[in-house]
Amino acid sequence: MVYVTRVEHFNAAHKLYNPNWSKEQNEEAFGPCANANWHGHNYELHVTVKGIPDPDTGFIIDVKKLSKITAKHILDKVDHKNLNVDVDFMEGKLASTENFIIEIWKQLEPHITGGKLHQLRLYETPRIYVDYYGE
Ligand SMILES: Nc1nc2c(c(=O)[nH]1)N=C([C@H](O)[C@H](O)COP(=O)(O)OP(=O)(O)OP(=O)(O)O)CN2
């Protein structure tokens with residue numbers, strides 16, 4: 001089994017806010033990321049597909065095609081957008097990195113052909129990232 005990874009990047013704005021909580025509770029939980037404090041991140045998304053290389057191409061999946069699939073189903077919807085307001089698949093979700101990666105998986109996984117989606121890694125900042133394996 002071989003694992004091939006394509007790295008993508010995008011910029012998006014968000015705030016961390018629980019609508020069921022008071023302003024004070026949100027500030028307590030999320031600090032400067034809460035309430036009206038919209039801010040942006042330079043996200044980096046690592047998409048890893050596993051499989052056996054095709055004997056004719058040597059590819060599990062052509063990473064150029066993988067990049068186009070990711071662009072169509074994720075990047076075109078989130079790049080330069082507000083995750084709390086503009087992104088249909090984040091509607092009703094708290095825009096944490098954890099929730100975001102789960103929703104990205106749901107959008108992307110059905111469109112991966114050839115290999116199988118193995119892992120997503122999403123960097124919110126160079127010091128904060130989450131991994132997700134679809135379970
Ligand atoms: N478990 C999580 N914790 C936090 C998340 C998250 O998604 N999951 N997100 C945030 C905020 O979005 C915050 O904006 C993170 O950015 P920042 O404070 O700039 O993060 P850094 O630690 O990289 O920056 P420092 O300057 O090193 O503090 C908070 N928590």
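**Warm-up**

Where is H80 found? In this predicted model, H80 sits in the loop between α2 and β3. We will come back to H80 later on.

**Exercise 1. Get an overview of the fold.**

Task: Describe the secondary structure, the order of the elements and the overall dimensions of the protein.

Solution:
- Step 1. Count the elements: the protein has 3 helices and 5 strands.
- Step 2. Walk along the chain. Starting at the N terminus, the order is β-α-β-α-β-α-β-β.
- Step 3. Look at the extent. The C-alpha trace spans about 60 × 25 × 25 Å along its principal axes.
- Step 4. Check burial and contacts. Of the 135 residues in the protein, 19% are buried. Among contacts with a separation of 6 or more, 66% join residues 24 or more positions apart.

**Exercise 2. Explore helix α3.**

Task: Work out whether the length of α3 agrees with the expected span, and find which of its sides is buried and which is exposed.

Solution:
- Step 1. Start with the length. At 1.5 Å a residue, the 12 residues of α3 should span 16 Å, and the C-alpha atoms at its ends are 16 Å apart, so the two values agree.
- Step 2. Find the buried residues: F100, I104 and L108 are buried in α3.
- Step 3. Ask where they point. They cover an arc of only 60 degrees around the axis, so they lie on the same side of α3. Here is the general idea: an α-helix has 3.6 residues a turn, so residues three or four places apart point the same way.
- Step 4. Turn the helix around. E98 and K106 are exposed on the other side of α3.
- Step 5. Find the partners. The buried residues of α3 pack against α2 and β4.

**Exercise 3. Find the largest nonpolar core.**

Task: Say how many residues the largest nonpolar core has, and which elements give two or more residues to it.

Solution:
- Step 1. Count: this core has 20 residues.
- Step 2. Pick out the residues with the most contacts inside it, which are V49, L83, F100, I104 and L122.
- Step 3. Trace the elements. Two or more residues come from each of β2, α2, α3 and β4. The largest share, 4 residues, is given by β2.
- Step 4. Zoom in on L83. Setting aside residues up to four places away in sequence, L83 touches A12, A13, H14, V78, M90, A95 and F100.
- Step 5. Connect this to a general pattern: in soluble globular proteins, nonpolar side chains tend to be buried together.

**Exercise 4. Look around the ligand.**

Task: List the residues around the ligand and sort them by character.

Solution:
- Step 1. List them: L16, C33, H39, S96, T97, E98, E124, T125, R127 and I128 surround the ligand.
- Step 2. See which elements take part. Both α3 and β4 give two or more residues to this shell.
- Step 3. Sort the shell: 3 residues are nonpolar, 4 are polar and 3 are charged.

**Exercise 5. Visit the loops.**

Task: Compare the surroundings of A34 and L94, then examine phi in N35 and H80.

Solution:
- Step 1. Locate A34 in the loop between α1 and β2. A34 counts as partly exposed because 19 other C-beta atoms lie within 10 Å, while a buried residue needs 20 or more.
- Step 2. Find who surrounds A34. Apart from neighbours within four places in sequence, A34 is in contact with K15, L16, Y17, N26, E27 and A29. The C-alpha atoms of A34 and Y17 are 5.3 Å apart, although 17 residues separate them in sequence.
- Step 3. Move to L94, in the loop between β3 and α3. With 17 other C-beta atoms within 10 Å, L94 is partly exposed.
- Step 4. Find who surrounds L94. Beyond four places in sequence, its contacts are L16, N18 and N99. Y17 is 77 residues away from L94 along the chain, yet their C-alpha atoms are separated by 6.6 Å.
- Step 5. Turn to phi. Most residues other than glycine have a negative phi. N35 is not a glycine, but its phi is positive, at about 55 degrees. H80, also a residue other than glycine, has a positive phi near 60 degrees.
- Step 6. Check their exposure. N35 has 14 C-beta neighbours inside 10 Å, so N35 counts as partly exposed. H80 has 11 such neighbours, so H80 counts as exposed.

How values were computed
Residues are numbered from 1 along each chain as its sequence is written. This is a predicted model: local features need pLDDT of at least 70, side-chain atom pairs count only at pLDDT 80 or more; totals for chains, interfaces and linings use all residues. Ala, Val, Leu, Ile, Met, Phe, Trp, Tyr, Cys and Pro count as nonpolar, Asp, Glu, Lys and Arg as charged, and the others, Gly among them, as polar. A nonpolar core is a set of buried Ala, Val, Leu, Ile, Met, Phe, Trp, Tyr and Cys residues joined through C-beta atoms within 7 Å. A residue is buried if 20 or more other C-beta atoms lie within 10 Å of its own, exposed if 12 or fewer, and partly exposed in between; C-beta atoms are placed from the backbone. Two residues are in contact if their C-beta atoms, placed from the backbone, lie within 7 Å. The expected span of a helix is 1.5 Å times one less than its number of residues. The arc is that of the directions from the helix axis to the C-beta atoms.
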